[in-house]
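Here is a short set of exercises to work through with the model open in your viewer. Try each one before you read its solution.

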Amino acid sequence: RSLTAGWTGAASFLAWIVSDQWLFLSFALKAGIWLFLLPVLFTVSHRMLPFFSSSVLSNYKVIQPRWSLQLMLVASALHLLLDISHLPQWLFIADIPMAMVALYHTIKWQFKRSFADRLLAVLHMAFLWLGLSMLLFSIQSLYLLVSGELILGKGPLHALTIGFFSALLVAMASRVTMGHSGRMLILDNRSWYLFIGIQLTAVLRIFADINLINSILGLSFNVIASLCWLTCIGVWVSRYAPMYITARVDGRPG
């Protein structure tokens, strides 16, 4: 279903190119987030985080409730529906349940224990951003309903896209790259700190959309966040790209 939604978004983007109608572009961008990326990455997390955790942590209880998958899919679609209906003040109806489900899994998947292994911890750290981002969306929506003001701008969206989407992709790609290149599944210091840098990028990008923080500190958080992002991704590419064009270190084919 999510893949079908992804193709629908791509078709809408193509329709925008052909027709130059802004509504097609708007739908493509929003559907890509709420009908494709969030459902797919939550589903991947739901399946893989408990599996990876159980292979590293002793006496680990795997928790993968089916109801949470269904609830996240419905709530994510509801968020999109409210958004395209121009009802941002009511987004909390969808966002609060998503925040609760995500934070529930963060606790049940034993976030604190994941720091026993850095490669496992980065996955859990990335997933934590899903719950935090939906909390920010909820706060923004509720405040908008009461006061008519957007106090966080696009901060919640950056928390979701940088904190959860990007960080999880980097964490997963790092693990898979090391595994399929015959390397030990150990996160070195350089990879650990670049991942911390991605977390910092998400925080800085959120700050950039909060006018009060910008006015008090007088800093251009947008520029700082961009530099931090480019540095972290550059370091990641320099560390992992060579693994794709060299032979496996364990001598096996591939």
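**Exercise 1.** Does Pro50 count as buried or exposed, and at what relative accessibility? Then work out what surrounds Pro50.

*Solution.* A word on the source before we start: this is a predicted model.
- Step 1: place the residue. Pro50 sits in helix 2.
- Step 2: check the accessibility. The cut-off for buried is under 20% relative accessible area. Pro50 comes out at 0%, so it counts as buried.
- Step 3: list the contacts, leaving aside neighbours within four places in sequence. Pro50 then touches Ser45, Tyr60, Val62, Ile63, Gln64 and Trp109.
- Step 4: try a longer jump along the chain. Leu128 is 78 residues from Pro50 in sequence, and their C-alpha atoms are 14 Å apart in space.

**Exercise 2.** Find out how helix 3 and helix 4 are arranged relative to each other, and which residues make the contact.

*Solution.*
- Step 1: get the geometry. The two axes, of helix 3 and helix 4, come within 9 Å and cross at roughly 150°.
- Step 2: turn the angle into a word. Angles over 145 degrees count as roughly antiparallel, and helix 3 and helix 4 are therefore roughly antiparallel to each other.
- Step 3: add the hand. Helix 3 and helix 4 make a left-handed crossing.
- Step 4: name the residues. From helix 3 come Trp67, Ser68, Leu71, Met72, Ala75, Ser76, Leu78 and His79, while helix 4 brings Ile93, Ala94, Asp95, Pro97, Met98, Val101, Tyr104 and His105.
- Step 5: sort them by character. The contact of helix 3 with helix 4 has 11 nonpolar, 4 polar and 1 charged.

**Exercise 3.** Stay with helix 4: test its length against expectation, and see what its buried residues pack against.

*Solution.*
- Step 1: do the length check. Helix 4 covers residues 92–108, and at 1.5 Å a residue its 17 residues should span 24 Å; the end C-alpha atoms are 23 Å apart, which agrees.
- Step 2: pick out the buried residues. In helix 4 these are Phe92, Ala94, Asp95, Met98, Ala99, Val101, Ala102, His105 and Thr106.
- Step 3: find their partners. The buried residues of helix 4 pack against helix 2 (22–56), helix 3 (66–84) and helix 5 (118–147).
- Step 4: look just past the helix. Gln110 follows helix 4 and belongs to the loop between helix 4 and helix 5.

**Exercise 4.** Which sign does phi have at Gln110 and at Asn59?

*Solution.*
- Step 1: recall the background. Most residues other than glycine have a negative phi.
- Step 2: read off Gln110. Its phi is positive, near 60°.
- Step 3: read off Asn59. Here phi is near 50°, again a positive value in a residue other than glycine.
- Step 4: locate Asn59. It lies in the loop between helix 2 and helix 3, and at 77% relative accessibility it counts as exposed.

**Exercise 5.** Now take helix 6 and helix 9: describe how they cross and what the contact is made of.

*Solution.*
- Step 1: start with the axes. Those of helix 6 (residues 155–180) and helix 9 (residues 221–244) come within 10 Å and cross at roughly 20°.
- Step 2: interpret the angle. Under 35 degrees counts as roughly parallel, and helix 6 and helix 9 are therefore roughly parallel to each other.
- Step 3: give the hand. The crossing of helix 6 past helix 9 is left-handed.
- Step 4: list the contact residues. Helix 6 uses Ile162, Ser166, Val170, Ala173, Ser174, Thr177 and Met178; helix 9 uses Trp229, Ile233, Trp236, Tyr240, Met243 and Tyr244.
- Step 5: classify them. The contact of helix 6 with helix 9 has 10 nonpolar, 3 polar and no charged residues.

**Exercise 6.** Which residues does Ile210 contact, leaving aside its neighbours within four places in sequence?

*Solution.*
- Step 1: place it. Ile210 is in the loop between helix 7 (189–207) and helix 8 (211–217).
- Step 2: check burial. With a relative accessible area of 15%, Ile210 is buried.
- Step 3: name the contacts. They are Ile151 and Leu152.
- Step 4: compare sequence and space. Ile210 and Ile151 are 59 residues apart in sequence, and 6.6 Å apart from C-alpha to C-alpha.

Technical notes. Residues are numbered from 1 along each chain as its sequence is written. This is a predicted model: local features need pLDDT of at least 70, side-chain atom pairs count only at pLDDT 80 or more; totals for chains, interfaces and linings use all residues. Side-chain values use heavy atoms; hydrogens and water are left out. Axes are lines fitted to C-alpha atoms, for helices over the stretch in contact, and angles run from 0 to 180 degrees between N-to-C directions. Helices (H or I, at least four residues) and strands (E, at least two) are DSSP runs, numbered from the N terminus. Angles under 35 degrees count as roughly parallel, over 145 as roughly antiparallel, 65 to 115 as roughly perpendicular and the rest as oblique. A crossing is left-handed if the near helix is turned anticlockwise from the far one by less than a right angle, and right-handed if clockwise. Contact means heavy atoms within 4.5 Å. Ala, Val, Leu, Ile, Met, Phe, Trp, Tyr, Cys and Pro count as nonpolar, Asp, Glu, Lys and Arg as charged, and the others, Gly among them, as polar. The expected span of a helix is 1.5 Å times one less than its number of residues. Buried means under 20% relative accessible area, exposed over 50%, partly exposed in between (1.4 Å probe, protein chains only).
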